[in-house]
Amino acid sequence: MLRCIDICKDYHIPGKGPRRVLDRVNFQLERGQKLGVLGRNGAGKSTLIRILGGVDLATSGRVERTMSISWPLAFTGAFQGSLSGLDNLRFICRIYNLDYTNTRAFVDDFAELGKQLGEPVKTYSSGMRARLAFALSISINFDCYLIDEVVMVGDARFTQRCQDELFVQKKDRALVIVSHSMDFIRDVCDRGGVIHDRKLHLCGDVSEAINEYEALNR
Amino acid sequence: MSSGLSYRPTTLRHAFLLQMRVIWALMMREIHTRFGRENIGFLWVIGEPILFCSGVAIMWTAIRPPHEHGLPITAIVITGYVPLTMWRHSIQRSVKAYEANGSLLFHRQVTPLDIIVARWALEVLGTLMAGLLVGSGAILGGYMKPPLHWGILYAGLGFHAMFCLATALIFAALTEMSETVEKIVGIATYLSLPFSGAFSMVAWLPQKDRWAMLCAPSVENMEMIREGQFGSTAHPIYDINYDFWATLTLLLIGIYLTLRVRRHIVVQ
């Protein structure tokens with residue numbers, strides 16, 4: 001179970017004092033549930049994901065985790081740019097206690113980066129970075145995956161493989177996806193929510209969330 | 001099962017093993033980032049301090065009189081520069097360490113404490129091995145005698161390593177919290193060199209001024225190290241009891257600041 005209790009997040013704006021981004025966000029996610037969170041740019045979607053993953057700390061409130069939760073899969077973070085993909089892979093194997101040979105074989109096969117895996121990560125395109133991040137996190141058996149847009153940047157083949165992994169091989173896993181792409185969330189999630197005006201509105205089902213989000217954009 | 005996955009370490013032993021694994025991974029990562037994989041690579045961990053210590057030792061041996069206050073100059077330089085290098089490198093590597101390593105905090109098992117401990121451990125190991133090599137070289141070359149009392153030498157080095165860790169933790173946290181501190185670290189460490197004890201013995205000072213030097217744990221440590229090297233002929237002055245409590249206090253302040261610093265770190 002993953003539970004947010006009264007999460008508030010303020011960012012400090014120099015010269016203007018604190019600015020509230022999230023205000024008393026509450027929700028609970030059970031094993032196997034897939035929550036899609038929609039919101040416009042800057043609504044606080046990524047901030048929420050980062051707080052769930054423990055990368056940012058909430059100003060007040062707390063996050064309770066009784067299942068293992070991935071790091072936020074996003075365009076940035078989690079990798080050291082000056083190191084090669086392989087050195088990053090080695091580091092992650094060490095801290096998550098994974099077998100290097102097996103993990104490397106899996107990542108090679110899944111991310112299809114070929115020789116680029118030996119090059120520094122800062123030379124990767126965002127699509128390649130997403131493939132590496134996704135392959136690595138999939139090779140670790142988390143109970144819950146936090147996904148910040150990242151799945152949507154790959155080409156069709158990669159998107160297909162992600163869907164296979166997340167919804168066939170690991171369909172019993174929980175998922176939090178934030179996005180402004182409604183199609184993906186409609187295909188994948190069984191619960192939906194919208195972040196607007198610092199609040200998270202949870203909706204009964206995904207189509208309701210999509211309607212609410214579309215109403216915002218009108 | 002000791003996997004890095006579980007959301008909460010089940011036992012103290014499990015938590016300890018997890019943190020050890022993280023620190024080890026951070027050390028390996030640090031070596032690869034700093035020294036790359038080309039040519040002698042990780043040997044630079046020892047190579048850097050060796051060049052520094054042996055360079056200074058050779059220069060001082062060449063230009064200074066062979067004895068200072070009755071003590072051989074080469075041994076003075078080596079017993080002073082090895083711990084000094086340990087401290088200066090520990091500080092240098094801890095300044096803005098969190099900014100440089102921010103992306104690692106994406107992984108929840110990596111904590112600010114691990115980042116500094118890993119960097120510190122690498123510097124301590126590097127300088128100790130460099131000291132061993134430079135010292136052995138000087139002994140074999142006949143410029144220096146082997147240490148007389150190994151016990152107090154180890155004690156001095158042990159205390160000094162802890163002092164380095166404490167100051168590294170404090171500076172890492174303070175430079176992250178305040179830009180002013182970051183700007184003055186360089187000059188502050190330079191101005192504190194006389195209080196490192198690396199270049200002098202407390203006994204060389206007039207009686208009434210000695211207390212000022214003895215406030216600094218670093219001076220106490222160097223006095224112990226030099227008792228180990230020269231025995232009582234060096235007239236070492238130190239107070240292990242004071243050194244212990246002073247170092248422990250600094251260490252606790254360092255750990256307290258490190259636990260508080262997480263909110264100040266902006267993870268990219």
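**Entry 1: annotated spans in chain B**

I began with the UniProt record, an unreviewed entry, whose annotation "transmembrane region" covers residues 40-63, 69-87, 120-144, 150-172, 184-204 and 242-259 of chain B. I kept in mind that the model I am reading is a predicted one. I then looked up two of these spans: in residues 69-87 of chain B the end C-alpha atoms lie 25 Å apart, and the span is 79% helix and 11% strand. For residues 120-144 of chain B I noted 29 Å between the end C-alpha atoms, with 84% helix and 0% strand.

**Entry 2: aromatic pairs**

I turned next to the aromatic rings, and the count over all chains came to 14 aromatic pairs. I noted B:Trp60 and B:Phe199, whose ring centres are 6.1 Å apart and whose planes meet at 25°, so I wrote this pair down as stacked, since planes under 30 degrees apart count as such. The pair links distant parts of the chain, 139 residues apart, with B:Trp60 in helix H2 (residues 44-63) of chain B and B:Phe199 in the loop between helix H7 (179-191) and helix H8 (210-214) of chain B. B:Trp60 has a relative accessible area of 15% and is therefore buried, the limit being under 20%, whereas B:Phe199, with a relative accessible area of 27%, is partly exposed.

I then looked up B:Trp87 and B:Phe163, whose ring centres lie 6.3 Å apart with the planes at 20°, so this pair is stacked. This pair also links distant parts of the chain, with B:Trp87 in helix H3 (residues 73-94) of chain B and B:Phe163 in helix H6 (residues 150-177) of chain B, 76 residues apart. I recorded B:Trp87 as buried at 9% relative accessibility, and B:Phe163 as buried at 8%.

In chain A, I found that ring pairs link A:Trp71, A:Tyr96, A:Phe142 and A:Tyr145 into a cluster.

**Entry 3: charges over rings**

I came back to B:Trp60, because the charged end of B:Arg64 sits over its ring, 4.4 Å from the ring centre. In chain A, I noted that the charged end of A:Lys9 sits over the ring of A:Tyr11, 5.1 Å from its centre.

**Entry 4: where the chains meet**

Last, I looked up the contact between the chains, which takes 31 residues from chain B and 34 residues from chain A. Together, chain B and chain A bury about 2700 Å², of which 55% is on carbon and sulfur atoms. How many salt bridges are there between chain B and chain A? I wrote down a count of zero.

Notes
Residues numbered from 1 in each chain as written. Chains lettered and ligands numbered in written order. Predicted model: local features only at pLDDT ≥ 70, side-chain atom pairs only at ≥ 80, totals over all residues. Heavy atoms only, no water. UniProt positions renumbered as here; feature names shortened; annotations may be inferred. Helix = DSSP H or I, 4+ residues; strand = E, 2+ residues; numbered from the N terminus. Phe/Tyr/Trp six-rings, centres within 6.5 Å; stacked < 30°, edge-to-face > 60°. Buried < 20%, exposed > 50% of the residue type's maximum accessible area, 1.4 Å probe, protein only. Lys NZ or Arg CZ within 6 Å of the ring centre and 35° of its normal. Contact = heavy atoms within 4.5 Å. Buried area = accessible area lost by both parts, 1.4 Å probe. Salt bridge = Lys/Arg side-chain N within 4 Å of Asp/Glu carboxyl O.
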